[in-house]
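Q: Please give a close account of a single residue of this protein and of the surroundings in which it sits.

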Amino acid sequence: SPSRGLGDVYKRQRRRSARWAVPLASAALLLLALWLPQGAWLGWYADVATAPGEVRSITLDDGSILTLNGATALDWTLGDGRRTLRLYRGEVDLQVAKDASRPFTVEAGPARIRVTGTHFDVDYDGRDVVLAVTEGQVQASDAASQPLAVGANQQVHWHADRIQQVQPLDARQQLAWQRGKLVFRAQPLSEVFAALEHSQGQRVIFLDDSCLLYTSDAADDMQ
C-alpha cells in the first residue's frame, strides 16, 4: 500500500542518518581537539587550570606555595598524614612547607616525587617529566624503581615511563619561565613550538613530519 511504502522509505532514511551520526560526531571532536588552545581540555576536570601565557600563584592551607606556568592543570589533597598533588599537564614551581609528619607527594605521569619540605619545579608535557630541585632534597621514582635522591642544583628526567640519571641543574633553561623567558638549546622544533603554545596559546600544526627533526638554539621573552 502507499502508506506502507512511505513507511519503508522513512525507516531507510533513519538508518542512513544513524550510520553517519557516529563518524560525523567523531570528526567534529577531532577538529575541536586540534583547534582548541593548548590545555583547554585539562581545565574541564582539574581543580585548578591556567590559560596559555597565564602565571598564577596559590598558597595552600599548609603554607606551601604553588606557582603555575601557562597551560597547566592540577589538583591536590591535604589530609591527615599526607599531602598529595597531581599534575595532569604543564609546569609548577613548589615551595613545600616543612612538615615531617605529612610527606608531600607529587604525581605527574610516570613520576613519583616525595618530600617533607623543599623547593623544586616539575614540568610534564604529557609524555616526559623533568624535575628541577633548587633547595633541599627530593625522593624521585617511577612505578618500577627504588626512590632516587635528587638534591639542590640537580635535575632528573623521566623518559618512556622510566627515571633517568641525575644531572646538574640547567637553571638557565629549565627555570627560564620563572624569569619570563624561554631558552632553547639544540632542541627539536616540535619542542620549541610546544613551549610557544604553552606560553602564548598559538597552535602550530606540522604538515611535514620532517620539520620535527630540525633543532634550534634560541632565547625568547614570553611577554
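A: **Val122 and its surroundings**

The protein chain has three helices and 16 strands (DSSP runs numbered from the N terminus, helices H or I of at least four residues and strands E of at least two). This is a predicted model, in which local features need pLDDT of at least 70 and side-chain atom pairs count only at pLDDT 80 or more, while totals for chains, interfaces and linings use all residues. Residues are numbered from 1 along each chain as its sequence is written, and side-chain values use heavy atoms, with hydrogens and water left out.

Val122 belongs to strand E8, residues 119–124. Its relative accessible area is 0%, so Val122 is buried (under 20% relative accessible area, with exposed over 50% and partly exposed in between; 1.4 Å probe, protein chains only). Of the 223 residues of the protein chain, 37% count as buried.

Beyond its neighbours within four places in sequence, Val122 is in contact (heavy atoms within 4.5 Å) with Leu87, Gly90, Glu91, Val92, Leu94, Val106, Ala108, Ile113, Val129, Val130 and Leu131.

Val122 is also among the residues with the most contacts inside the largest nonpolar core, together with Leu94, Phe120, Leu131 and Trp158. This core has 29 residues; a nonpolar core is a set of buried Ala, Val, Leu, Ile, Met, Phe, Trp, Tyr and Cys residues joined through side-chain atoms within 4.5 Å. Elements giving two or more residues to this core include E8, strand E5 (82–95) and strand E9 (129–135), and E5 gives the most, with four residues.
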